[in-house]
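Colleague: I'm new to reading models like this one. Could you take me through one part of it closely, and then show me where that part leads?

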Amino acid sequence: MNKPHHIEPKIPARLIAGVILPFSCGYLISYLFRTVNSVIAPDLIAELHLDEAGLGLITSAYLYAFTLFQLPLGLLLDRYGPRRTHAVLLTIAAFGSLLFALGPGPVTLTIARTVIGIGLSGGLMAAFKANALWLPAARVPLANSVVVAFGGLGVFAATAPSDWMANHFGWRSLFYLLAAVTLVVAVVVYWLAPHGNGTPEHAANAPKSWRAQLRDIGPILATPTFWGIAPMVAFVTGGFIAIQSLWTARWLTDVRLLDRGVVAGDLMAMAVTFSAGSLITGFIADWAHRRGIGLKVVMIGCFVVLAFAELGLVLNVALPAWLIVGALGLAGSGANLAYVTLGDQFGPALAGRAQTSLNLLLFLAAALIQSGIGWALDLLNAIGFGADAETRYATVLGLILVIQVLSVLWFARATREKTGAA
């Protein structure tokens, strides 16, 4: 007997304008800052005389700060709501961008990237929290994927447009402009997003003290669902972020020996496919949800595509570079569907803390991988391992791919009997 088709609730236009669009703009800014160093890397290396490890440290400072602020972020989102929390944090990020523009050396730039990381720590989680609070539950996977697709536009802005700006006006002028844009987005979020912290039922269930909020994190971390998902998200999405936001550009430069303009164009191709892939993943997840197919199948399918793209980097296959990095971008957002699983399991009142706990592990892995790749490449070069850059990149990126495969196998095994986690 066929199951009756349910008519999924529509998202009202006022919620598209007040929830999805302003928070998507915030995530766009977050992803722009996360990725922009890959384009201005030649300028930073030339002006500051950086090696690969130094470049990796400055760039990953964003990710380390982003990571350390995830648990405080969860408390703030659940207590004050995404509107006020995100608007204040974006203002902090604008200050960090201004500091980066003024920074005279590596130490100041590292501090500035740290401030930016704190300010943009709510980019995705504030959007996911807002979607969980204000949108029909059945449409949250699609809405989340739309937000991630906007992040791809941030990657786009961080490629050829940012490269043009840096070439014509200097990388410092670029960060002055980013400071102003970030402040504008903070104002937009504050004025357009709904006030309060969800429905009266959500507000009634909100914790009454900081201590009560902290106590709720323990049970979240004790659930098998969390630890079935966490390694996969940390190593798959974390590895993708580390490679996408810095080392893809360096691979194109060091292994493919492409000039700066071509690299920017290839990164733009990856940005376009990342946005498209996020939307495609969202529509597939929405379709699967209506037919009772778990999100687990969609996530594993995305990883298969991602793994083949990363293998293309490892083996330096004889294909156009834009095609390899484009495939990488296409599948890079699949593991983000895991956040919907946590939101469903813990409900809107705890969604902020559950999702930011996962995000903490994700960005800790991303920061360690991003800076670790730089250290590993310098170490292999110092000890004379490999005759060229291609061998060293293949070794390091190949090790990351192996770890990702193991984490996905763990996810498949840990969640095989939990249809709710699928």
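Modeller: Let's look at the bend in α1: the helix turns by about 65° at I40, and a proline, P42, follows within four residues. Keep in mind that this is a predicted model. Now take the helix from end to end. Helix α1 runs over residues 13-48, which makes 36 residues, and at 1.5 Å a residue these should span 52 Å. The end C-alpha atoms are 48 Å apart, which agrees with that expectation. Just after α1 comes H49, with a positive phi of about 55°.

From here we can follow α1 to an enclosed space. The structure holds three cavities of 30 Å³ or more, and the second largest has a volume of about 60 Å³. Helix α1 supplies at least two residues of the lining of this second largest cavity, and so does each of α11 (224-254) and α15 (338-382). The lining has 13 residues, and those nearest the centre are Y27, Y31, T237, I241 and N336. Sorted by class, eight of the lining residues are nonpolar, four are polar and one is charged.

One of those names turns up again: N336 also lines the largest cavity, along with residues including F128, S145 and V340. That largest cavity has a volume of about 70 Å³. Its largest share of lining, three residues, comes from α6. By class, the lining of the largest cavity has four nonpolar and six polar residues, with no charged ones.

Methods:
Residues are numbered from 1 along each chain as its sequence is written. This is a predicted model: local features need pLDDT of at least 70, side-chain atom pairs count only at pLDDT 80 or more; totals for chains, interfaces and linings use all residues. Side-chain values use heavy atoms; hydrogens and water are left out. The expected span of a helix is 1.5 Å times one less than its number of residues. The bend at a residue is the angle between axes fitted to the seven residues ending there and the seven starting there. On a 1 Å grid over the protein atoms alone, a cavity is a set of points where a 1.4 Å probe fits but cannot get out, and a pocket is an open set with protein on both sides within 12 Å along at least five of seven lines; lining residues have an atom within 4 Å of a point. Grid points are joined across faces, edges and corners, and a volume is the space filled by probe spheres set on the points. Ala, Val, Leu, Ile, Met, Phe, Trp, Tyr, Cys and Pro count as nonpolar, Asp, Glu, Lys and Arg as charged, and the others, Gly among them, as polar.
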